[in-house]
Each structure stands twice: as C-alpha cells, then as structure tokens.
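Please look over the sequence and the structure below before reading on.

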Amino acid sequence: MDPIAVIATKRDGGELSRTQIREIIAAYTAGDVAPEQMSSLLMAIVLNGMSRREIADWTTAMVDSGIRLDLSDLRTVDKHSTGGVGDKITLPLTPLVASYGLAVPQLSGRGLGHTGGTLDKLESIPGWRADLSVDEMWAQLREVGAVVCAATTDLAPADRKLYALRDVTGTVASIPLIAASIMSKKIAEGTGALVLDVKVGSGAFMRNRDDAEHLARAMVELGSDAGVDTRALLTDMSSPLGRTAGNAVEIAESVEVLAGAGPSDVVELTLALAREMLDAGGLGDVDPAENLRNGQAMDTWRAMIVAQGGDPDAPLPAPRHTHVVLAEATGRLAGLDALAVGEAAWLLGAGRSRPGESVSYAAGVTWHAGVGDEVRSGDPLFTLSFDDESRLDRAVSRLSDAAVVADSAPRPGSRLLGRATR
Ligand code: URA
C-alpha cells in the first residue's frame with residue numbers, strides 16, 4: 001500500500017477502493033503511516049467527500065481494528081447523541097429504559113471543548129467510577145440493565161487515534177468522517193438496536209437542518225447495513241437544554257427528572273427517545289412516563305450508581321464561589337445562544353481543553369429563564385458556579401450577548417424536529 005497514491009486518489013476527487021481503505025486504516029493504527037500523511041488524506045476527504053460505499057468500508061475497517069463485543073444474549077438498545085449544550089438526556093434515559101427490562105449499554109466519553117461529557121458529569125457523584133472491565137459491564141447489564149461507562153480502548157482503536165488527529169488538524173467537520181466515527185464505535189459495542197439523537201443548531205456540530213438530515217441518514221444506513229436496528233431523531237439545539245450546563249448541576253437536574261419533575265424540554269426529549277428505544281426493543285406499547293411517575297426509573301438509577309461504587313445520597317460537590325448575572329431589560333427571553341452558554345461553562349472549568357486535563361465538578365452555568373419566559377430587569381438571569389476565581393471574567397464576558405430580551409417572543413416549539421429514515 002502506497003499512502004501517497006491513496007492521498008492522490010482522494011485529492012483528485014477519485015474513489016478509494018475497499019482494499020486501499022482497509023490497508024491505510026490498518027497501517028495507520030499500527031503506526032506505519034505518518035500522521036502528516038493521514039492528516040493530508042483526512043483533509044482531502046473533508047474537501048471531496050466519500051461515496052456511500054467508501055463510508056461503509058471506512059466504518060468496517062475501523063470496527064475491524066479492534067474487538068467486537070457480543071451482547072446477543074441480551075435485548076440491548078443504546079442511544080447516541082451527536083452532542084449539545086446541557087445535553088444530560090443519557091442520565092435519566094438509561095435507567096428509565098432499563099427499568100422496563102431492556103439492557104442499555106452506554107459506552108460514553110469525556111467532554112472535550114464546549115459540549116460536556118457524560119462521564120465527567122457522573123464522576124461528580126462521590127465514589128462513582130467510569131472504568132469497568134468488560135466482565136463488570138456484562139454483569140451490571142444482566143443485574144441492573146443500565147450501565148454508563150468508559151469505552152474500552154479495544155473498541156475501534158483506529159477511530160480513537162484518528163479522532164485525536166482530526167481534533168488538531170481541522171478535520172472533524174466532515175459528515176462521512178463523523179458518521180463513520182460514531183457508527184464504528186456503536187457497531188463494535190455490539191448493541192442490537194440504536195436510537196440516534198442528531199442535534200441541529202448553534203450548540204451542535206450540525207448548524208443547519210440539511211446537514212443534520214444528511215448525517216442522520218448516513219448513520220442509519222451504516223447501522224442498518226451492519227444489522228443494527230438504527231433510527232434517528234432530529235432535535236433542536238439552538239438553545240441549551242434544560243436549565244443547567246456543567247457537571248454536578250446537570251446531575252441534580254437529571255435526578256429531578258427521575259423524580260417526576262424537571263424542565264419540560266428535558267422531560268419531552270427523554271420520553272421521545274425512550275419511546276423509540278422501547279419500540280426498538282419490542283416494547284412499543286409501553287408509556288415511559290409511567291416509570292418516571294411511579295419511581296421505578298429512580299430505583300434503577302440508584303442501583304446503577306451503587307453498582308459503580310457511587311453513593312446516590314451523598315451531597316454533590318458545591319462550588320467555592322457563585323456569581324449572579326442580572327437581567328438588564330424587562331420583556332421576554334427571545335433567544336439563548338447554546339454555544340455561548342456551553343463555552344461559558346467550559347471557561348468556568350466544567351470542561352477541558354486537552355485530553356487528560358482535570359475538570360471542576362462544581363463548575364457550571366444555571367439560567368433562570370428559558371426561551372419564551374418573562375424576564376424582569378434586575379432579576380437573576382444566570383448563576384455561574386466555579387472554584388477558581390480567575391475564570392470568572394472571561395465566562396461573564398462570553399455570556400454578555402448570549403441572552404436576547406425582546407418585547408415579545410413566541411413560546412418555544414417542540415425540541416423534536418423530525419426523524420430520518422434510510
Ligand atoms: N463524535 C464522535 O464520536 N466522532 C466524531 O467524529 C464526532 C463526534
């Protein structure tokens with residue numbers, strides 16, 4: 001395999017053969033292709049795209065770079081979100097769906113940049129641990145049904161290495177590469193069914209609906225072709241979800257949802273995704289709102305936290321400092337910029353700028369009004385929570401234009417924008 005010939009084919013707008021794709025991914029994973037060669041190929045893919053056949057071959061090559069779990073003994077259904085600000089849906093959704101007897105393996109990641117990581121949020125619960133062996137994950141799936149843990153490094157190692165390179169070479173923003181990256185991990189994980197939450201808007205990877213539909217369709221096709229029952233919902237991420245972005249603050253909000261309360265958009269999305277997952281798991285007649293009302297989803301949450309060493313009753317980390325930003329005008333909240341809120345939470349210490357950095361569990365942003373709500377001058381608009389005082393000024397300045405207060409504002413519509421099919 002000649003890496004230069006592979007790069008030249010893509011640079012000139014040609015199609016890569018299955019053999020070229022298999023060989024270059026295997027060689028890169030083994031350390032036999034230089035990072036500058038792989039980054040050149042990735043940039044050619046960003047600029048010239050890939051055919052459906054190339055995306056499927058790229059995905060298969062990444063799955064084949066590692067182990068593939070066999071969960072076929074269990075009725076498994078997983079959810080994946082393309083990531084957004086305040087997106088804590090995995091936290092109430094996993095125990096809710098598992099409380100109906102399905103097995104939900106949520107192999108998750110840590111946050112990088114302005115979208116938070118599910119594992120960082122859960123690690124704010126004292127004692128909870130993310131790193132489980134495959135045997136521990138398997139046992140918990142059987143006993144509790146719900147598990148959220150770090151993906152083992154043996155699953156799609158080619159993607160792990162490629163993603164790190166894409167992150168520093170401006171080659172993340174490519175629908176074929178994103179679709180292949182997400183689906184290689186899901187196919188390797190061995191889930192029987194998968195529901196995708198593809199976010200659209202300022203706080204998401206996909207800023208417009210056409211791109212989101214394109215990405216969703218590509219992923220549904222990849223999953224279906226690999227024998228995974230795959231569906232996708234398109235959901236709105238033009239404003240942040242719920243009322244909190246950060247780590248401990250998002251755990252507290254998720255527990256409210258599990259207790260039958262919580263912000264209406266978080267509840268709406270949790271129930272919509274739960275219905276899809278239950279349907280994919282053969283339980284299409286079930287109303288998931290029932291187990292939020294009767295406490296069974298909360299019981300499964302507690303069992304899931306305890307199984308991973310956490311104490312669900314322990315107080316969550318409290319911030320050393322808080323700062324309240326007051327509204328400067330009276331009217332209605334006409335817009336709240338998801339990206340600005342996500343970046344403010346990150347600036348306060350809730351996220352990391354480099355893999356391996358530690359995060360502040362207590363850092364985050366709470367907004368006191370949602371889009372469409374009344375706002376009065378002098379009332380609290382945001383509460384910023386943080387441990388390190390030197391982080392405050394930049395976060396406050398990032399939020400300075402985030403909220404738009406106008407004389408009138410329409411009530412926000414549903415977060416559900418549509419669904420993608422093959
Ligand atoms: N999430 C992934 O896992 N991969 C991407 O390429 C983008 C988002």
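The following exchange turns to the domains, their interface and one loop residue.

Student: How is the model to be read, and which domains does the assignment give?

Tutor: This is a predicted model, in which local features need pLDDT of at least 70 and side-chain atom pairs count only at pLDDT 80 or more, while totals for chains, interfaces and linings use all residues. Residues are numbered from 1 along each chain as its sequence is written, and side-chain values use heavy atoms, with hydrogens and water left out. The bounds come from an automatic or database domain assignment, which gives domain 1 (3–49), domain 2 (78–307) and domain 3 (321–406).

Student: Which three residues supply 48% of the area that domain 1 buries against domain 2?

Tutor: Buried area is the accessible area (1.4 Å probe) that two parts lose on being put together, summed over both. Domain 1 and domain 2 bury about 1,000 Å² between them, with 81% of it on carbon and sulfur atoms. The 48% share on the side of domain 1, more than any other three residues supply, comes from Tyr28, Leu42 and Val46.

Student: Is Ala156 buried or exposed?

Tutor: Ala156 sits in the loop between strand 3 (146–150) and helix 8 (157–167), where helices (H or I, at least four residues) and strands (E, at least two) are DSSP runs numbered from the N terminus. Although Ala156 is not a glycine, its phi is positive, at about 40 degrees. Buried means under 20% relative accessible area, exposed over 50%, and partly exposed in between (1.4 Å probe, protein chains only). At 2% relative accessibility, Ala156 therefore counts as buried.
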